[in-house]
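Trainee: Could we go through this structure together, one question at a time? I would like to see how each answer is reached.

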Amino acid sequence: MPAPLPVPIEFDLPEGWLPARPDGLDPDAVAFAAVHPRPDSGFAANITVDGGFPAEEETLEGLAEESVRRLAGTAGAVEVVQRREVGSDDAPALIQRLAFQAVAGGVRRDLVQSQVYLVMADVADPRRRAVVRLALTATAGQHDEVLGDFQDFVSSVRPDTGTEA
């Protein structure tokens with residue numbers, strides 16, 4: 001059973017992407033995953049969704065730094081290519097792009113991961129904030145090709161109100 005998200009969300013999966021459980025992902029840490037239908041040299045670009053309720057004093061930048069530390073624990077050196085806060089005071093968000101090498105499918109690969117951290121109100125207690133993290137991981141060669149799909153995916157994420165639009 002996938003890890004539950006801290007808040008219910010809905011989203012539109014980009015055309016052609018397939019819901020999946022890519023090898024190497026912790027099923028207890030990822031609420032949703034999808035893979036691109038055309039792998040690049042044996043590596044399928046993937047989108048993952050996870051989240052949680054951070055401590056009240058935790059910042060989005062702190063969460064992003066923790067993500068870099070976790071990734072470095074498995075991949076080694078991780079370069080923060082870009083990081084910036086976006087959104088508004090009512091709906092803050094942070095995006096970052098990471099570059100690293102990792103062994104996938106028995107081959108060391110140059111990978112790029114784009115992450116988006118979205119702050120959403122807890123449905124049970126609107127005073128609490130939840131953070132949902134969306135991540136695209138792709139080879140360095142395919143990242144820019146699939147980035148538009150990921151941006152479309154991110155822009156489609158919305159709270160699940162339990163009613164059809």
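Trainee: Between which two strands is Ser-41 found?

Mentor: Happy to start there, keeping in mind that this is a predicted model. Ser-41 belongs to a loop, and the strands on either side cover residues 32-35 and 46-52. The loop that holds Ser-41 therefore lies between strand E3 and strand E4.

Trainee: Is Ser-41 buried or exposed?

Mentor: A residue counts as exposed when its relative accessible area is over 50%. Ser-41 has a value of 62%, so Ser-41 is exposed.

Trainee: What is the phi of Ser-41?

Mentor: Most residues other than glycine have a negative phi. Ser-41 is not a glycine, yet its phi is positive. The value for Ser-41 is near 55°.

Trainee: Ala-44 is in that loop between E3 and E4 too. How is Ala-44 classed by its relative accessible area?

Mentor: The class between buried and exposed runs from 20% to 50%. Ala-44 has a relative accessible area of 23%, so the class for Ala-44 is partly exposed.

Trainee: Which residues does Ala-44 touch, leaving out those up to four places away in sequence?

Mentor: Let us take the partner with the highest number at the end. Ala-44 touches Val-35, His-36 and Pro-39, among others. The list for Ala-44 is completed by Thr-137.

Trainee: How far apart are the C-alpha atoms of Ala-44 and Ala-34?

Mentor: Along the chain, Ala-44 and Ala-34 are ten residues apart. In space, their C-alpha atoms are separated by 9.5 Å.

Trainee: Now the sheet. In what order do its seven strands run?

Mentor: The sheet is open and its pairing is antiparallel. Strand E2 (18-19) and strand E5 (78-87) each have a single partner strand, so these two stand at the edges. Reading across from E2, the order is E2-E3-E4-E8-E7-E6-E5.

Trainee: Over how many bridges do E6 and E7 pair?

Mentor: Good one to compare with the pairs beside it. E5 and E6 (residues 92-104) pair over nine bridges, and E7 (residues 107-121) and E8 (residues 129-139) pair over eleven. For E6 and E7, which pair in the antiparallel sense, the number of bridges is twelve.

Trainee: Which residue of E7 stands opposite Arg-97?

Mentor: Arg-97 is in E6, and on the E5 side Gln-82 stands opposite Arg-97. On the E7 side, the residue opposite Arg-97 is Ser-114.

Trainee: Which residue takes a positive phi in the hairpin of E6 and E7?

Mentor: The hairpin that joins E5 to E6 passes through four residues, while the hairpin of E6 and E7 has two residues between the strands. In the hairpin of E6 and E7, a phi near 65° is taken by Gly-105.

Trainee: Stepping back, what pattern does the protein chain follow along the sequence?

Mentor: The secondary structure comes to two helices and nine strands. Written in sequence order, the pattern of the protein chain is β-β-β-β-α-β-β-β-β-α-β.

Trainee: And what is the radius of gyration of the protein chain?

Mentor: For 165 residues, the globule rule gives 15 Å. The value for this chain is close to that, so the chain is as compact as a globular protein of that length. The radius of gyration is 16 Å.

Trainee: Last one: what share of the residues count as buried?

Mentor: Buried means a relative accessible area under 20%. Of the 165 residues of the protein chain, the buried share is 43%.

Terms used:
Residues are numbered from 1 along each chain as its sequence is written. This is a predicted model: local features need pLDDT of at least 70, side-chain atom pairs count only at pLDDT 80 or more; totals for chains, interfaces and linings use all residues. Side-chain values use heavy atoms; hydrogens and water are left out. Buried means under 20% relative accessible area, exposed over 50%, partly exposed in between (1.4 Å probe, protein chains only). The radius of gyration is taken over C-alpha atoms; the globule rule is 2.2 Å times the number of residues to the power 0.38. Two strands pair if DSSP finds at least two bridges between them. Contact means heavy atoms within 4.5 Å.
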